[in-house]
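Subject: Handing over a structure, with notes on what was found

Dear colleague,

I am passing this structure on to you, and I would ask you to open it beside this message while you read. My notes follow directly below it.

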Amino acid sequence: MIVNIVLLIIGFVILIKGADIFVDGASSLARNFHLSKMLIGLTIVSFGTSAPEFAVSIQSLLNGSGDIVLGNVIGSNILNILLILGVSSMVHTLNVKNNTVKKELPITLLITTLLITLMSDHLFDATAINNFSREDGIVVLLFFMVFIYYLVSMMKNKVEEGDDSKTYSLLKSIIYTLFGIACIVLGSNLVVNSASAIATYLGISERLISLTIVALGTSLPELVTSVTATKKGEYDIAIGNVVGSNIFNIGIVLGLPVAILGGISKITFNWIDLIALFVATFLLFIFASNDKKISKREGAIMLVLFTIYYSYIIFA
C-alpha cells in the first residue's frame, strides 16, 4: 500500500514535469521547422498523448475485450472536451483561431458524427453481429486519411510573426519532445497502475475502477499537456492536442485495429454515451464559433456537463 502511494506521487511528478518539457520541445520544434503551433498540436502532441489509448485498444482487441476499445475511445473523447478543455479554459480563456473554427473543428464534428451514425445503424439492427464491424473501421480509417491530407496542406503554414518564445536548437527540440512523450507515458502508467492497486486494496469494485481510474488515466497525458500549454500561453497546442487526439482516437485507436483485427461484438451499450459524445463535440464547435474564444463561463458549463455525465455512468 505504501509503495503504491509513493509510486502514485512519483508518477504525478514525472507526468507533470514531462508535460512541461514536452510542450516546450513541441513549441520549439514548430519554430525550427517554421510550422504553425496548431499543426504541431494536431500531430506530434495529440498523437503522442494518445499513445495510452492506442496501447489499450490493441491489447484489448487481442484479448477479445472489444467493449473496452469502444468505451476507451468514446469515454476519452468526451473527457478530452468536457474535462480537459473545461479545466484549461478555467485556467485562462482559450483563444481559438479562425482557421480552427472553419476547418479543424468541422472535421472533428464530421468524424464524430460518422462514428455515431455507424454505431447507430448496428444498435437499430437487432440481427447485427457486431457493434462496430471491420467495414466500419475501414470507412473511419478512410475519413482519417482526409484529415492527414489536410495536415499535409498545413505544412505550408509559417510561424506567426512576432513569436518571440524561446527556441532551442533542432536537436534539443527533438530530444525535449521525445523525452517529454516518454515521461508522459511512463508517468500516466505509474499513476493508473498504482491508483488501481490502491483502489483494489481498499475494496473498490472493478467496475468503478474502470469507469474512473482507467478512463481518466488514459486521458491524463492530454489533461496535463493541455493545462500546461494553457499556462504557458500556448493555446494552439492546448486546443490542437484535444482536437487532434479526438480525431486520432476515432481514426487510428478505433478504426485501424478494427480494420485489421476484425469487428467488435455485441455489447451492452447505452445511448447516453453517444448522445454525450455528440453534445460535447457540438458544444465545442458552438462555443469556439461564437466569439473565437472558449471563456471561463463556457469552461464551467463543460465541467458541469462532465460532472452530470460521470455521475450518471457511475451511479446509474
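Asp 20 forms a salt bridge with Lys 17, and the closest N and O atoms of the two are 3.7 Å apart; the term salt bridge is used here for a side-chain nitrogen of Lys or Arg within 4 Å of a carboxyl oxygen of Asp or Glu. Both Asp 20 and Lys 17 lie in helix 1, 3 residues apart, which is about one turn of the helix. Helices (H or I, at least four residues) and strands (E, at least two) are taken as DSSP runs and numbered from the N terminus. Please keep in mind that this is a predicted model, in which local features need pLDDT of at least 70 and side-chain atom pairs count only at pLDDT 80 or more, while totals for chains, interfaces and linings use all residues. Residues are numbered from 1 along each chain as its sequence is written, and side-chain values use heavy atoms, with hydrogens and water left out.

As for exposure, Asp 20 is partly exposed, with a relative accessible area of 22%, and Lys 17 is also partly exposed, at 48%. In these notes, buried means under 20% relative accessible area, exposed means over 50%, and partly exposed is in between (1.4 Å probe, protein chains only).

Asp 20 has another partner, since its side chain also meets that of Lys 232 in a salt bridge of 2.9 Å, N to O. This pair links distant parts of the chain, with Lys 232 in the loop between helix 8 (206-231) and helix 9 (235-261) and Asp 20 in helix 1, 212 residues apart. Lys 232 is partly exposed, with a relative accessibility of 34%.

A further salt bridge joins the side chains of Asp 236 and Lys 97 at 3.0 Å, N to O. Asp 236 lies in helix 9 and Lys 97 in the loop between strand 1 (94-95) and helix 5 (98-124), so this pair ties together parts that are 139 residues apart in sequence. Asp 236 is buried, at 9% relative accessible area, whereas Lys 97 is partly exposed, at 36%. Salt bridges that share partners join Lys 17, Asp 20, Asp 24 and Lys 232 into one network, and a search of the whole structure finds 4 salt bridges.

Turning to the aromatic residues, the structure holds 6 aromatic pairs. One of them is formed by Tyr 168 and Tyr 176, which are tilted, at 4.8 Å centre to centre and 45° between the planes. Rings of Phe, Tyr and Trp (its six-membered ring) pair if their centres lie within 6.5 Å, and planes under 30 degrees apart count as stacked, over 60 as edge-to-face and the rest as tilted. Tyr 168 is buried, at 14% relative accessible area, while Tyr 176 is partly exposed, at 26%. Phe 144, Phe 147 and Phe 248 form one aromatic cluster.

Phe 147 appears again in the interior: it is among the residues that touch the most other members of the largest nonpolar core, together with Phe 132, Leu 254, Ile 264 and Met 302, and this core has 78 residues. The largest share of the core, 14 residues, comes from helix 9. A nonpolar core is a set of buried Ala, Val, Leu, Ile, Met, Phe, Trp, Tyr and Cys residues joined through side-chain atoms within 4.5 Å.

One backbone detail may be worth a look: Lys 292 has a positive phi of about 60° although it is not a glycine. Lys 292 is found in the loop between helix 10 (271-291) and strand 4 (293-294), and it is partly exposed, with a relative accessible area of 30%.

For the chain as a whole, the secondary structure comes to 11 helices and 4 strands, and buried residues make up 52% of the 316 residues. Residues 24 or more positions apart account for 86% of the contacts with a separation of 6 or more, where contact means heavy atoms within 4.5 Å.

With best wishes,
a colleague
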